[in-house]
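Please study the sequence and the structure shown below before attempting the exercises. Each task is followed by a worked solution.

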Amino acid sequence: MAHEVKNPINAIVLHLQLLQNKLQQDDPETRRHMDIIGDEIHRLDRVVQILVDFTRPQDLRLEDLDLRSVLDSVAVLATPDAARHKVRIVQDLPNQRTRGLIR
């Protein structure tokens, strides 16, 4: 899909550059419109590239993680919303801090 979007974008950029070279006018209004068109085309191209990058598989990296600190962070974030709904978050975790491998 990205290929089908990028090809027309590239063609539009090419033809915009050709038009800019042919016009070579000092009319600031015409130049401003062409600059806006160019900027928006490049913005579309960046959006498509972000989508392409998002869909690419990422290399996973396994690492040791303190699950207690993860749960503490989640509890801190969730507590205000939970309280608004009259829910209390209770953590019942072992006293000993252990490190485990997340897979």
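The exercises that follow concern a predicted model and treat confidence, salt bridges and the nonpolar core.

**Exercise 1. Confidence of the model**

Determine which element of the protein has the lowest mean pLDDT and which has the highest.

Solution.
- Step 1: Begin with the whole protein, for which the average pLDDT is 84, with 91% of the residues scoring at least 70.
- Step 2: Turn to the elements; the lowest mean pLDDT, 50, belongs to strand β2 (residues 100–101), while helix α3 (residues 67–84) has the highest, 91.
- Step 3: Apply a caution: predicted coordinates should not be read in detail where pLDDT is low.

**Exercise 2. A salt bridge between two helices**

State how many salt bridges a search of the whole structure finds, and locate the partners of the one formed by Asp 45.

Solution.
- Step 1: The search of the whole structure yields six salt bridges.
- Step 2: In one of them, Asp 45 pairs with Lys 6, and their closest N and O atoms are 2.6 Å apart.
- Step 3: This pair links distant parts of the chain, since Asp 45 belongs to helix α2 (residues 28–55) and Lys 6 to helix α1 (residues 2–23), 39 residues apart.
- Step 4: Asp 45 has a relative accessible area of 23%; buried means under 20%, so Asp 45 counts as partly exposed.

**Exercise 3. Salt bridges within helix α2**

Find the spacing in sequence of the pairs Glu 29 and Arg 32 and Arg 43 and Glu 40, and classify the exposure of each residue.

Solution.
- Step 1: Glu 29 and Arg 32 form a salt bridge with their closest N and O atoms 2.9 Å apart; for Arg 43 and Glu 40 the N to O value is 2.7 Å.
- Step 2: Glu 29 and Arg 32 both lie in helix α2, three residues apart, about one turn of the helix. Arg 43 and Glu 40 also lie in helix α2, three residues apart.
- Step 3: Glu 29 is partly exposed at 38% relative accessibility, and Arg 32 is partly exposed at 41%.
- Step 4: Arg 43, at 46%, is partly exposed, as is Glu 40 at 37%.

**Exercise 4. The largest nonpolar core**

Identify the residues of the largest nonpolar core and the helix that supplies its largest share.

Solution.
- Step 1: The core has seven residues: Ile 9, Val 13, Leu 16, Met 34, Ile 41, Val 48 and Val 52.
- Step 2: Helices α1 and α2 each supply at least two of these residues.
- Step 3: The largest share, four residues, comes from α2.
- Step 4: Consider Met 34: leaving aside neighbours within four places in sequence, Met 34 is in contact with Leu 16, Leu 19, Gln 20 and Leu 23.

Methods. Residues are numbered from 1 along each chain as its sequence is written. This is a predicted model: local features need pLDDT of at least 70, side-chain atom pairs count only at pLDDT 80 or more; totals for chains, interfaces and linings use all residues. Side-chain values use heavy atoms; hydrogens and water are left out. A salt bridge is a side-chain nitrogen of Lys or Arg within 4 Å of a carboxyl oxygen of Asp or Glu. Helices (H or I, at least four residues) and strands (E, at least two) are DSSP runs, numbered from the N terminus. Buried means under 20% relative accessible area, exposed over 50%, partly exposed in between (1.4 Å probe, protein chains only). pLDDT is the predictor's confidence in each residue, from 0 to 100. A nonpolar core is a set of buried Ala, Val, Leu, Ile, Met, Phe, Trp, Tyr and Cys residues joined through side-chain atoms within 4.5 Å. Contact means heavy atoms within 4.5 Å.
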